[in-house]
Amino acid sequence: MPQARLPPPPVLLRFSEAAAANGCSIADDARILAERGRWPRATALMILACEEMGKAKYARLLAIGALKEKLGGKNAPSSMSVLLSRHPQKQMLAHDVDLPYMRELILGAFSGLSAPSNVEADTPAGEQAVRDLLRELKRRVDAMQVDRARLKADFEQLQRTWDDMVTDSRLDTMKQRGLYVDFSEDRAGVVTPSDVGSAEFREAESLFEQARRSTDAMVTTGLTPDVLQAIRDAAAEDE
């Protein structure tokens, strides 16, 4: 069966904004429960809020072309399935992994760059401004001297986080524990939501705040949907 394709970038941007707003609303509800000491449900809701922020980040990265759409396969989900149903992947996307060298490289590439201003994206002047922006970005990337050892260390950290969030589904398990009664792993006992307390809530809340800050930073880039689409079109023509 063919995988569902993503909607166009303007729809993805609206989806991203709505998911971010919904994530903040769910987090507010979680905090109300936490104030009453209802830690299990508060934790489960806060993890759901994290997933909404991860979804918001992913949709925006897809919309601006920073990530390419994945159609899925035997060992990898499609981009659409991540947005709609893959909870551990959304938790991973919410997580701001500490990748200092990657951050250094990205800042070196984008520092001082800004979106075209005071021009319409679909005019000759706007199209030229977009191309100039892309050309400067490509020049900077081509000129980079990459330290392979530092880059390898970053990716090893990313793999550890992936294993924790996605392979082991630790946060997803915590969310389920906050809502449902289950048997222990050895089937000799019972696990109840009361086993989830304030420490688990604070961990989920910290993750949410990280995701909210990074999502807010992405939204405040000043790139309008029209400019974003123009950038995507120009990049596609240059491929």
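**Exercise 1. Placing Ile47**

In which helix does Ile47 lie? Determine also whether Ile47 is buried or exposed, and list what Ile47 touches.

Solution. The model is a predicted one.
- Step 1: residues 39-63 form helix H2, and Ile47 is in that helix.
- Step 2: the relative accessible area of Ile47 is 0%. The cut-off for buried is under 20%, so Ile47 is buried.
- Step 3: leaving out residues up to four places away in sequence, Ile47 touches Gln91, Leu171, Met174, Lys175 and Ala204.
- Step 4: Ala30 stands 17 residues from Ile47 along the chain, and their C-alpha atoms are separated by 9.2 Å.

**Exercise 2. Gln91 and its helix**

Take Gln91 from the contact list of Ile47. Which helix holds Gln91, and how many residues of helix H4 are buried?

Solution.
- Step 1: Gln91 belongs to helix H4, which spans residues 87-94.
- Step 2: six of the eight residues of H4 are buried, so that the helix is mostly covered.
- Step 3: the buried residues of H4 are Pro88, Gln89, Lys90, Gln91, Met92 and Ala94.
- Step 4: Gln91 counts as buried because its relative accessibility is 0%.
- Step 5: with neighbours within four places in sequence set aside, the contacts of Gln91 are Ile47, Glu51, Met165, Leu171, Asp172 and Lys175.
- Step 6: compare the two lists. Leu171 and Lys175 appear among the contacts of Gln91 and also among those of Ile47.

**Exercise 3. Two partly exposed helix residues**

Assign Ala21 and Arg103 to their helices. What is the relative accessible area of Ala21, and what is that of Arg103?

Solution.
- Step 1: Ala21 is in helix H1, and Arg103 is in helix H5, residues 100-110.
- Step 2: Ala21 has a relative accessible area of 47% and is therefore partly exposed.
- Step 3: Arg103 has a relative accessible area of 43%, so Arg103 is partly exposed.
- Step 4: from C-alpha to C-alpha, Ala21 and Ala56 are 9.0 Å apart in space, and 35 residues apart in sequence.
- Step 5: for Arg103 and Asp154 the C-alpha distance is 9.8 Å, with their positions 51 residues apart in sequence.

**Exercise 4. The second largest pocket**

Which residues line the second largest pocket, and which element gives the largest share of its lining?

Solution.
- Step 1: the volume of the second largest pocket is about 240 Å³.
- Step 2: its lining consists of Thr173, Gln176, Arg177, Tyr180, Val181, Asp182, Phe183, Ser184, Glu185, Arg187 and Val191.
- Step 3: at least two lining residues each come from helix H8 (170-177) and strand E1 (182-183). The largest share is that of H8, with three residues.
- Step 4: by type, the lining has four nonpolar, three polar and four charged residues.
- Step 5: consider Arg187, one of the lining residues. Arg187 sits in the loop between E1 and strand E2 (190-191). Its phi is near 65°, a positive value in a residue other than glycine.
- Step 6: Arg187 is exposed, because its relative accessible area is 59% and the cut-off for exposed is over 50%.

**Exercise 5. The whole chain and its confidence**

Describe the chain as a whole. Where in the protein chain is confidence lowest, and where is it highest?

Solution.
- Step 1: the protein chain has 10 helices and two strands. Along the sequence these follow the pattern α-α-α-α-α-α-α-α-β-β-α-α.
- Step 2: of the 239 residues in the protein chain, 36% are buried.
- Step 3: among contacts with a separation of 6 or more, 74% join residues 24 or more positions apart.
- Step 4: the accessible surface of the protein chain is about 14,000 Å², and carbon and sulfur atoms account for 54% of that surface.
- Step 5: the average pLDDT of the protein chain is 81, and 83% of the residues score at least 70.
- Step 6: confidence is lowest in helix H10 (residues 225-238), with a mean of 55, and highest in helix H1 (residues 9-35), at 92. Where pLDDT is low, the predicted coordinates should not be read in detail.

Conventions: Residues numbered from 1 in each chain as written. Predicted model: local features only at pLDDT ≥ 70, side-chain atom pairs only at ≥ 80, totals over all residues. Heavy atoms only, no water. 1 Å grid on protein atoms, 1.4 Å probe; cavity = no way out; pocket = protein on both sides within 12 Å on 5 of 7 lines; lining within 4 Å. Points joined across faces, edges and corners; volume = space filled by probe spheres on them. Helix = DSSP H or I, 4+ residues; strand = E, 2+ residues; numbered from the N terminus. Nonpolar A, V, L, I, M, F, W, Y, C, P; charged D, E, K, R; others polar. pLDDT = per-residue confidence, 0-100. Buried < 20%, exposed > 50% of the residue type's maximum accessible area, 1.4 Å probe, protein only. Contact = heavy atoms within 4.5 Å. Areas by Shrake-Rupley, 256 points an atom, 1.4 Å probe, with all protein chains shown as cover.
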